[in-house]
Amino acid sequence: MAGFVKVARADEIAPGEKVIVDADGVLVVIVNCDGEFYAIEDVCTHDGGPLGEGDLEGCALICPRHGARFDVRTGDALTLPAFEPAPTYAVRVEDGDILVEAY
Ligand code: FES
């Protein structure tokens, strides 16, 4: 367990936006969904698509490869062709910094 690592500044990610960061060796998408930050792995569980390059609709991130949708709050796959959830990570905001729990 590596603990929480600083990955971005909160004021750099407006509501409805996302960034891809390296959280201690794992590529993670940080999403601002309605003012709350969530972290989901940048890999689609269908066929490894780059989730962070997909569109964001509310709290749903859409894989750019075949269109599966994931709920960034839970990692759940909402639509086929993905059916397994994507890993999510705990997020904390401290002094304007976004920290992700890397493990
Ligand atoms: S790789 Fe994401 S939907 Fe196929």
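Start by selecting R73: at 45% relative accessibility, R73 counts as partly exposed. This is a predicted model, so keep that in mind as you click along. Now add D71 to the selection. R73 and D71 form a salt bridge, with the closest N and O atoms 2.9 Å apart. D71, at 12% relative accessibility, counts as buried.

**Next stop: E57 and R69**

Pick E57 and R69 together and you'll find another salt bridge, its closest N and O atoms 3.0 Å apart. E57 sits in strand β5 (residues 56-57) and R69 in strand β7 (residues 69-71), so this pair ties together parts that are twelve residues apart in sequence. Both partners have some surface showing: E57 is partly exposed at a relative accessible area of 44%, and R69 is partly exposed at 25%.

While you're here, click on D55, in the loop between β4 (36-41) and β5. Buried or exposed, then, is D55? D55 is exposed, with a relative accessible area of 58%. Leave out residues up to four places away in sequence, and D55 touches A60, L61 and I62. If you draw a distance from D55 to R69, 14 residues apart along the chain, their C-alpha atoms come out 9.5 Å apart.

**Across to D97 and K6**

Select D97 and K6 and show their side chains. They meet in a salt bridge, 3.7 Å from N to O. D97 belongs to strand β10 (residues 97-102) and K6 to strand β1 (residues 3-9), so the pair ties together parts that are 91 residues apart in sequence. The two ends of this bridge have contrasting surroundings: D97 counts as buried at 15% relative accessibility, whereas K6 is exposed with a relative accessible area of 58%.

Now add R9 to the view. K6, R9 and D97 are linked in a network of salt bridges. How many salt bridges does the count come to? The count is five.

**A charge over a ring**

Show F4 and R92 next. The charged end of R92 sits over the ring of F4, 4.0 Å from the ring's centre. If you were hoping to tour aromatic pairs too, you can skip that step: a search of the whole structure finds zero of them.

**Into the interior: V72 and N32**

Jump to V72, in the loop between β7 and β8 (88-89). V72 is in a loop, yet at 1% relative accessibility it counts as buried. What does V72 touch, not counting residues up to four places away in sequence? The list runs V31, C33, Y38, I40, L56, C59, L61 and T88. For a longer reach, draw a line from V72 to L99: they are 27 residues apart along the chain, and their C-alpha atoms are separated by 16 Å.

Then select N32, in strand β3 (residues 26-33). N32 is buried, with a relative accessible area of 3%. Leaving aside its neighbours within four places in sequence, N32 is in contact with I13, A14, P15, G16, E17, F37 and L56. Keep L56 highlighted for a moment, as it turns up in the contacts of V72 and in those of N32.

**The cavity**

Time for some empty space. The structure holds one cavity of 30 Å³ or more, with a volume of about 30 Å³. To see the lining, select A23, V26, V28, Y89, V100, E101, A102 and Y103. The elements that give two or more residues to this lining are β3 and β10. Which element gives the most? That's β10, with three residues.

**Backbone stops to finish**

Hide the side chains and look at the backbone from L80 to P81. The peptide bond there is cis, with omega near 15 degrees. P81 is found in the loop between β7 and β8, and V72 is in that loop as well.

Two aspartates round off the tour. D24 has a positive phi of about 55 degrees although it is not a glycine. You'll find D24 in the loop between β2 (18-23) and β3, exposed with a relative accessible area of 52%. Then go to D34, in the loop between β3 and β4. Phi of D34 is near 55 degrees, again a positive value in a residue other than glycine. At 70% relative accessibility, D34 counts as exposed.

How values were computed: Residues numbered from 1 in each chain as written. Predicted model: local features only at pLDDT ≥ 70, side-chain atom pairs only at ≥ 80, totals over all residues. Heavy atoms only, no water. Salt bridge = Lys/Arg side-chain N within 4 Å of Asp/Glu carboxyl O. Helix = DSSP H or I, 4+ residues; strand = E, 2+ residues; numbered from the N terminus. Buried < 20%, exposed > 50% of the residue type's maximum accessible area, 1.4 Å probe, protein only. Contact = heavy atoms within 4.5 Å. Phe/Tyr/Trp six-rings, centres within 6.5 Å; stacked < 30°, edge-to-face > 60°. Lys NZ or Arg CZ within 6 Å of the ring centre and 35° of its normal. 1 Å grid on protein atoms, 1.4 Å probe; cavity = no way out; pocket = protein on both sides within 12 Å on 5 of 7 lines; lining within 4 Å. Points joined across faces, edges and corners; volume = space filled by probe spheres on them.
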